[in-house]
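Please examine the sequence and the structure shown below. The paragraphs that follow consider a helix and its surroundings, then the cysteines, and lastly a region of the surface.

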Amino acid sequence: GIGNGFEFILENCDKITSITLPDSVKSIGANSFAGMDKLETVNIGKGVTEIHSPAFTGCPKLTAINVDENNRNFSSDDQGVLYSKDKTTIYRCPEGYKGSLYIIPNTVKKINYTVFADCDNLVNVIIPVSVTSIGASAFANCDKLKTVIIPEGVTEINNHVFSGCKMLENVSIPASVKSIGYAAFENCDKLTDVIIPEGVESISDSAFLGCTGLLSVTIPASVTEIGENVFGYYYLDEFNRMEKNTDFVICGEKGSAAEAYATKENFEFIDINNPDPDIIYYDKIEVRENSKVSVNDSMLTVVSSMSVSQFIRNVKNVNVKFLTADGNEMAKTEKLATGCKVNVVDKDGNVVAEYQVIYQEDVNGDGKVTAADARLALRTSAGLNSLEGVYFVAADCNADGKVTAADARKILRKAAGLE
């Protein structure tokens, strides 16, 4: 509750839109405002000396936490975000924050737990290099969050930090990180590629549970402890029943914790020091069972965002070379895009088969599905634009040989995360 000099009784709290705490209030307890779904503004007086998180959970319309400028312990910025007085700790971004981007100032050293939890409008958060600590559940359930770069200096990715971030596509883990906590990336559906740096020592239970887009992972030798259900598992239903992805691939060094985990879970293991001991030089690309890649003559179709390394895990043992649409060789971490080329190379280095990539709905060939692709498809359907080859196929979502407004709508739904 809220106490020390002030007794606060919330009657009809489902109708309250604004609360002003008098200067006599010294402490705000955990869950003090929980579930006040109409609350828009909280004004904190100069007397508050402690705020117990999570104090503002379940307030989806809260857009501003304002602190009296004479308060000696806390402050707020012009966007209604709660900080310590010296702005070295960020305590809470209100759930109703309307912006898609938030830039944390470079005075901040600590991101408190649940700071951005349930901030549904956030797409990107810029974390300065000054930050060395990120608390548990700091970004949990940010439905639209797509990209996060964790700065060098952070040593631990805490429990549930990105849990439930269903649109998270890219996360950069620095070499300073030593441990990845429980369920840290649980249910990050769009995460397709994760680079775990040398230096990480432990990965806790369920860290990547439910990451359905993740088909393989490379685990460095520095990792000596891997918990239960970390990789290769997903939830079947709302009752949290789990299923194993039997095609999951673990890459690592022989004799490592990575190999032990792969053996225990009966996953395919690839020794990164001898990745292709029995390479077979096919004259064509053949996909694995349940692959997210399909082959049709000289075209390869992928249905979700996929890196070069992810693609390799989806096809049978074959030597391939990847080129951008402009003919530049691609690194294994780069994302495939419509128009990319995949060449099958024999043991003498000769190209024996050539393919073009279609990333379905990636009409403009930038490796992403966005509103820009939908606009391009719509202009094509109206005769204002012309698409050819793989770009036409990428726009023809229902494969009826035409690009119509229906295709544009489907692309727009995918771009919005509705499909």
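**Helix α5 and its neighbours**

The buried residues of helix α5 pack against three elements: β29 (351–359), α3 (371–381) and α4 (389–395). This description refers to a predicted model. Helix α5 itself spans residues 405–415, and its buried residues are D407, A408, I411, K414 and A415. These residues lie on the same side of α5, because they cover an arc of only 125° around the axis. After α5 comes G417, whose phi is positive, near 80°.

The cysteines may be considered next. A disulfide is a covalent bond between the sulfur atoms of two cysteines. How many disulfides does the model contain? With a disulfide taken as a pair of cysteine sulfur atoms within 2.5 Å, the count comes to 0. C119 illustrates the point: the nearest cysteine sulfur, that of C93, is 4.0 Å away, and C119 is in no disulfide. Is C119 buried or exposed? Its relative accessibility is 1%, so C119 counts as buried. C59 likewise counts as buried, because its relative accessibility is 0%; the cut-off for this class is under 20%.

The surface offers a further feature. L101, I103 and I126 form a nonpolar patch there, and together they have about 260 Å² of accessible area. Of these residues, I126 belongs to strand β12, which covers residues 124–126. I126 has a relative accessibility of 43% and therefore counts as partly exposed, a class that lies between the limits of 20% and 50%.

Note on methods
Residues numbered from 1 in each chain as written. Predicted model: local features only at pLDDT ≥ 70, side-chain atom pairs only at ≥ 80, totals over all residues. Heavy atoms only, no water. Patch = residues over 30% accessible without salt bridge, like charges linked within 9 Å, V, L, I, M, F, W, Y side chains within 5 Å. Areas by Shrake-Rupley, 256 points an atom, 1.4 Å probe, with all protein chains shown as cover. Salt bridge = Lys/Arg side-chain N within 4 Å of Asp/Glu carboxyl O. Helix = DSSP H or I, 4+ residues; strand = E, 2+ residues; numbered from the N terminus. Buried < 20%, exposed > 50% of the residue type's maximum accessible area, 1.4 Å probe, protein only. Arc of directions from axis to C-beta. Contact = heavy atoms within 4.5 Å.
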